Amino acid sequence: MKPDTLPTLDERVELAIKDPFLKRSLAVAQERFRMNKANAAEVLGNIEEWRERAEAIRTHTVAHLDAYLDQFSTNVEKNGGKVFFAESDEEVVQYILDLAKAKNAKTVIKAKSMVSEEIHLNHRLAEIGVEAIESDLGEYIIQLAGETPSHIIVPAIHKNRKQVAELFSRVSGEQMPEDTKELTRYARTVLRDKFQNADIGLSGCNFAVAETGSVVLVSNEGNARLSTSIPKTHVVLMGMERIVPGWEELDSVLSLLPRSATGQKVTSYVTALTGPRKSDDVDGPEELHVVIVDNGRSNALGTEYQKILNCIRCGACLNVCPVYRHIGGHAYGSVYPGPIGAVLTPILKGFESWEKLPYLSSLCGACTDACPVRIPLHDYLLELRKDEVEEKRTHPVERAIFKGFGTAMANPWMYRTGLKLAKYGLKPLSKDGYIRKGPSLLGKWTKARDLPAPPMESFREWWDREGKGESAGSPGGASGGASGGTSRGRSQNKPKGDGSDGV
Ligand code: SF4
């Protein structure tokens with residue numbers, strides 16, 4: 001969905017916060033991932049050494065992206081595959097639509113591909129009468145529900161068993177039990193038939209190995225294997241940064257992926273696709289197309305944000321983010337939610353429509369600590385906010401407020417006058433030292449928390465009254481003032497020069 005067809009960010013967040021189920025299911029999932037991850041870390045040993053190595057590999061690869069992409073595409077072609085470089089989403093879509101028409105395709109069976117979500121491929125295929133069927137269980141669920149993924153590795157994280165049973169019952173016309181095995185069995189039965197009859201298979205690409213021109217797919221359900229081996233034509237949609245130099249480097253990043261993603265020690269299936277089927281192969285596609293997608297990624301190249309291309313899409317930053325925990329993925333409005341999405345989306349899609357995403361962060365730094373390739377996510381979030389201000393992309397009213405604030409803070413007379421105005425202006429709204437319901441812009445703050453009312457006696461007034469520090473008593477008026485209680489502040493002050501502090 002494009003941002004202009006979505007509710008506003010505030011509305012999306014509001015909707016998410018009001019959904020008690022969402023919060024509960026995200027908290028449970030995050031906790032489960034956290035515990036699994038701790039167990040999986042034991043297998044790897046010194047995790048910091050692994051992270052350091054993975055960061056070095058990804059940073060080196062992205063720095064030499066042109067050379068590795070060249071090597072990779074040459075090798076794909078040597079293996080008999082076709083390579084298409086797509087600069088924009090429209091170019092990718094057009095290539096696939098043309099291919100579908102050329103193959104007279106009616107159905108496309110898909111393994112998980114975030115790039116296809118990014119370019120809204122299913123809708124575009126539907127427009128020319130081609131049915132795209134998601135075969136990853138989570139993706140299948142949200143496709144039936146008419147939704148978008150809310151997590152990059154667990155797309156249906158926001159749904160529970162009961163909701164899935166209701167959904168499958170509605171679709172199948174049978175009453176489905178709330179039993180995960182039964183629900184999975186149903187999906188498997190439906191999908192098996194789709195695999196066998198699909199005209200085209202389509203998948204994403206977890207990693208592309210430059211030295212052999214291989215595409216590596218990681219899955220837990222084996223659906224990637226079926227979609228790459230049964231249909232006669234297979235299309236790989238690959239973000240241009242998903243490359244590693246060779247198998248040795250792949251080993252390092254691949255070891256970190258499942259551990260960081262779901263806390264698994266090892267993933268269930270790793271599938272490598274090196275060219276189309278050879279004469280002595282037992283299965284595999286007869287035609288292999290690799291579409292290498294830029295779609296805004298090169299906006300990060302050569303900038304301070306280049307390291308965002310190091311991302312291996314593990315979802316670990318989502319799994320630890322306190323903001324994501326409360327609002328889930330749909331509130332971000334982007335196919336990439338959480339800290340990675342808050343940084344990546346404005347870079348990919350432009351700041352005009354997505355510049356508020358970097359504010360969906362507490363800047364606690366948990367994302368940076370969790371990232372297996374050590375992307376400085378919370379620094380990037382802060383930098384993006386800074387860019388917004390420096391490039392004057394903020395609202396003119398906001399700019400005027402901060403300009404006025406800056407001028408007042410730099411001018412003692414204006415500062416004191418401002419404090420006085422605030423003190424008397426906000427007095428009618430204050431009760432017991434707090435403002436609990438503010439008007440207009442202030443209302444947004446007080447909706448979520450109380451605002452300490454300005455003290456009736458400022459620190460400077462207290463200081464003047466107390467004799468400019470001749471007393472060693474603590475400025476109780478100031479601390480009392482911070483919580484807004486004039487009488488409380490005064491009662492805590494020591495009388496001038498009483499000497500009772502023993503100094
Ligand atoms: S930014 Fe790091 S933690 Fe987040 S998805 Fe990418 S690799 Fe994983």
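This passage walks through the overall fold, the ligand site and one helix residue of a predicted model. Local features need pLDDT of at least 70 and side-chain atom pairs count only at pLDDT 80 or more, while totals for chains, interfaces and linings use all residues. Residues are numbered from 1 along each chain as its sequence is written, and side-chain values use heavy atoms, with hydrogens and water left out.

The C-alpha trace of the chain spans about 100 × 55 × 45 Å along its principal axes. The chain holds 24 helices and 13 strands (DSSP runs, H or I of at least four residues and E of at least two, numbered from the N terminus). Of its 503 residues, 49% are buried (under 20% relative accessible area, 1.4 Å probe, protein chains only). Take the contacts (heavy atoms within 4.5 Å) between residues at least 6 apart in sequence: 72% join residues at least 24 apart.

As for the ligand, 14 residues lie around it (a heavy atom within 4 Å). Cys311, Cys314, Gly315, Cys317 and Cys371 come nearest. By class, this shell has twelve nonpolar residues, one polar and one charged (Ala, Val, Leu, Ile, Met, Phe, Trp, Tyr, Cys and Pro count as nonpolar, Asp, Glu, Lys and Arg as charged, and the others, Gly among them, as polar).

Over in helix H12, residues 247-261, sits Ser255. Ser255 counts as buried because its relative accessibility is 18%. Its side chain reaches the backbone oxygen of Asp251 at 2.6 Å. Leaving aside neighbours within four places in sequence, Ser255 is in contact with Leu44 and Trp50.

Methods
Buried < 20%, exposed > 50% of the residue type's maximum accessible area, 1.4 Å probe, protein only. Polar contact = N/O pair within 3.5 Å; in protein donor to acceptor, adjacent residues only side chain to side chain.
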